[in-house]
Amino acid sequence: MITSDPHNLDNDGSLADQGTAALPDIPILCIDCKQEFIWTSGERSFFQQKGLVNAPKRCKPCKKAKNDRVEAALAAADGQRQKVAVRVECASCGRETTVPFYPSQGRPVLCRECFRK
Ligand SMILES: [Zn+2]
Ligand SMILES: [Zn+2]
């Protein structure tokens, strides 16, 4: 414990006071709609509890719109990664099989066994 330096004690005391005092509302200019919105003291203490240090850049509607855009982009990327399984009839043995692509019209599709022959 450092008790010999009174300046340290003073600093700690004032910092603790700031932490418990109600945070003032802060007006912030939204980077998307350029409208001013209020970052309320309640939201600021919520941010503090979460350990977030950066102030929000967007008002709530714009933040939601941005999240929706991100989700839509992620969903689209997910869809592209999904493998297709198209049911087709083997042109050689007539058995039903699945292929990982959409066969073009008129092109014979073979099952794996016939394909190896
Ligand atoms: Zn906005
Ligand atoms: Zn076949």
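A residue is called buried if 20 or more other C-beta atoms lie within 10 Å of its own, exposed if 12 or fewer do, and partly exposed in between, with C-beta atoms placed from the backbone. By that criterion, buried residues make up 1% of the 117 residues in the protein chain. This is a predicted model, in which local features need pLDDT of at least 70 and side-chain atom pairs count only at pLDDT 80 or more, whereas totals for chains, interfaces and linings use all residues. Residues are numbered from 1 along each chain as its sequence is written, and chains are lettered from A and ligands numbered from 1 in the order in which they are written.

**View 1. Overall arrangement and confidence of the protein chain.** Helices (H or I, at least four residues) and strands (E, at least two) are DSSP runs numbered from the N terminus; the protein chain has four of each, in the sequence pattern α-β-β-α-α-β-β-α. The predictor's confidence in each residue, pLDDT, runs from 0 to 100, and its mean over the protein chain is 83, with 82% of residues reaching 70 or more. Among the elements, strand E1 (residues 26-29) has the highest mean pLDDT, 97, and helix H1 (residues 6-20) the lowest, 50. Where pLDDT is low, the predicted coordinates should not be read in detail.

**View 2. Lys34 in the loop between E1 and E2****.** Although Lys34 is not a glycine, its phi is positive, at about 60°. Most residues other than glycine have a negative phi, and most peptide bonds are trans. Lys34 counts as exposed because it has 9 C-beta neighbours inside 10 Å.

**View 3. Thr40 between strand E2 (36-39) and helix H2 (41-49)****.** Thr40, a loop residue, counts as partly exposed because 13 C-beta neighbours lie inside 10 Å. Its C-alpha atom is separated by 4.4 Å from that of Asp25, although the two residues are 15 residues apart along the chain.

**View 4. Helix H3 (residues 60-81)****.** The 22 residues of H3 reach 32 Å from the first C-alpha to the last, close to the expected 32 Å, a span defined as 1.5 Å times one less than the number of residues. H3 is hardly covered, since its count of buried residues is zero.

**View 5. The hairpin formed by E3 and E4****.** Strands E3 (residues 86-89) and E4 (residues 96-99) run antiparallel and are joined by four bridges, where pairing requires that DSSP find at least two bridges between two strands. Arg87 stands opposite Thr98 in E4. Six residues lie between the two strands, and Gly94 in the turn has a positive phi of about 80°.
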